[in-house]
Amino acid sequence: MVKKNYLMLFQVLSVSVVLNMLIFNTTDLLKSYSLIFYIIIIIIMFLTIYRKSVNINIIKVQIPWLCSVIFLFLSTFISENIRTSLSFAIAYAVLIGLFFLLSLQTDWHKGNVIITFIISCICVIFTFFPLINDDLYMKIMGALYTGTDIVVIQHLINNAQYPGITSQTGYNAFFISLGIGILSSRLLVVNRFKWIYIISIVLYFVGLIFTGKRSLLLANILAIVILFVTTHKKLTLKKILLYFCSTLLLLLLCYLAVNYIPQTQTIFEKFNGEDVSSGRFSLFKEAFNLFETKPLVGYGINTFAQISPSGLDTHNVYLQLLAEVGLVGTIFIIGPMIYLFIFSLKIYRLNFGRCQYIALSLYIQIIFLVYSALGNPFYNTNLFLAYLVFTSMVLSYYTTKRKRSLEN
């Protein structure tokens with residue numbers, strides 16, 4: 001039996017995880033918090049091993065993640081920039097350690113989801129805020145951000161791309177996506193007041209459209225379709241009508257927004273622009289050219305911006321990994337994600353089809369994998385952290401259920 005004071009450590013860890021996801025580089029104090037966050041994780045890891053309050057068992061699906069950590073450390077020796085690659089490998093190892101640690105217990109799930117949902121609500125509210133009172137919004141953001149950040153925020157607002165309470169539309173869209181995932185997974189398990197969740201999801205989608213992040217909009221649509229099709233093997237007429245009406249409601253709100261809110265016209269013009277890739281295709285070509293020169297092991301993790309002619313990241317995790325760690329490294333890093341996704345889908349369909357947290361985990365995995373094709377969530381500590389936190393829910397539920405079945 002796990003002691004109550006030890007379970008409190010998991011709650012502390014859960015809160016520290018959520019707080020770290022809130023680091024939007026607003027002040028030097030918050031920037032330094034990231035170091036404190038890593039220290040907290042390491043301390044709790046050592047306490048877990050030392051006190052042996054929790055049975056530590058590595059399951060098959062976790063082994064590829066361990067292999068990816070080992071590979072990254074070995075690959076630093078052939079990196080074009082050993083210091084950069086080693087720093088990334090250390091941070092990656094700590095986050096994977098957190099991933100394993102959170103997989104040991106389920107007690108932190110509810111608290112973490114509640115806090116994350118509150119964060120997503122704040123993001124949605126602040127996404128609409130400039131439409132209501134732009135001056136007040138900029139005053140609030142001016143108190144949170146300084147220097148170039150506030151200039152970037154003003155530029156985004158002028159171009160009808162809304163960063164919410166964050167400094168980047170990508171951050172905002174990702175946290176709104178977490179909220180959509182929480183609402184969608186909750187919709188699967190509730191029997192009353194479903195219309196409240198449906199309306200909330202529609203409002204969240206409108207907020208997501210306002211960020212102008214097309215890749216995350218597509219990712220959320222795919223995630224919802226996959227999740228609900230997987231859940232409802234046999235769709236009744238009532239459920240079909242429910243989803244159809246929800247879709248009509250979303251389209252109606254989009255129509256009203258385009259015709260009665262001038263700012264949204266710029267957003268939809270971006271969706272119909274001449275360069276739908278926003279200049280990404282040239283970056284994709286750079287990544288592929290670098291991959292061709294070193295196809296097996298690449299130039300070193302997290303070195304693409306330093307060795308590419310443009311000096312920018314690719315906005316495609318898969319191509320960037322091919323250039324940095326080659327085909328071998330890409331298999332070691334992406335392989336565990338694909339394996340975990342297949343494992344999660346199997347667990348969800350066979351055993352816990354009505355479990356909110358398993359559904360939420362599956363949703364976030366879809367979001368992350370799709371967004372990786374047009375963004376860099378793997379290279380962003382906050383986004384990769386969010387992915388690991390929610391994917392660990394599948395493993396913690398699986399290990400807990402397996403342990404109970406063995407005891408019975």
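**Exercise 1. Place S361 in this predicted model: is S361 buried or exposed, and what does it touch?**

Step 1. Start with the accessibility: S361 has a relative accessible area of 0%.

Step 2. Compare that value with the cut-off. Buried means under 20%, so S361 counts as buried.

Step 3. Find the element. S361 sits in helix α16, which covers residues 356–371.

Step 4. Look for neighbours, leaving out residues up to four places away in sequence: S361 touches F390, T391, M393 and V394.

**Exercise 2. Work out how the rings of F128 and F210 are arranged, and where in the chain the two residues lie.**

Step 1. Take the distance first. The ring centres are 5.5 Å apart, and rings pair if their centres lie within 6.5 Å.

Step 2. Now the angle. The planes stand at 75°, and planes over 60 degrees apart count as edge-to-face. The F128 and F210 pair is therefore edge-to-face.

Step 3. Locate the partners. F128 belongs to helix α5 (residues 109–132) and F210 to helix α9 (residues 194–211). With their positions 82 residues apart, the pair links distant parts of the chain.

Step 4. Check the cover on each side. F128 is partly exposed at 21% relative accessible area, whereas F210 is buried at 2%.

**Exercise 3. Classify the pair formed by F378 and F384, and say which residues form the aromatic cluster.**

Step 1. Use the geometry again: F378 and F384 are 5.0 Å apart centre to centre, with 70° between the planes. That pair is edge-to-face.

Step 2. Add the accessibility. F378 counts as buried at 2%, and F384 is buried with a value of 2%.

Step 3. Widen the view. F88, Y92, F368, F378, Y379, F384 and Y387 make up one aromatic cluster.

Step 4. Finish with the tally: the count of aromatic pairs comes to 21.

**Exercise 4. Head for the surface: which residues form the nonpolar patch, and is L74 buried or exposed?**

Step 1. List the members. The patch is formed by I70, L74, F77, I78, L296, V297, V328 and F332. Together they offer about 760 Å² of accessible area.

Step 2. Ask which elements contribute. Helices α3 (63–75) and α15 (317–350) are the elements that give two or more residues to the patch.

Step 3. Zoom in on one member. L74 is found in helix α3 and has a relative accessible area of 54%.

Step 4. Apply the cut-off: exposed means over 50%, so L74 is exposed.

How values were computed
Residues numbered from 1 in each chain as written. Predicted model: local features only at pLDDT ≥ 70, side-chain atom pairs only at ≥ 80, totals over all residues. Heavy atoms only, no water. Patch = residues over 30% accessible without salt bridge, like charges linked within 9 Å, V, L, I, M, F, W, Y side chains within 5 Å. Areas by Shrake-Rupley, 256 points an atom, 1.4 Å probe, with all protein chains shown as cover. Salt bridge = Lys/Arg side-chain N within 4 Å of Asp/Glu carboxyl O. Helix = DSSP H or I, 4+ residues; strand = E, 2+ residues; numbered from the N terminus. Buried < 20%, exposed > 50% of the residue type's maximum accessible area, 1.4 Å probe, protein only. Contact = heavy atoms within 4.5 Å. Phe/Tyr/Trp six-rings, centres within 6.5 Å; stacked < 30°, edge-to-face > 60°.
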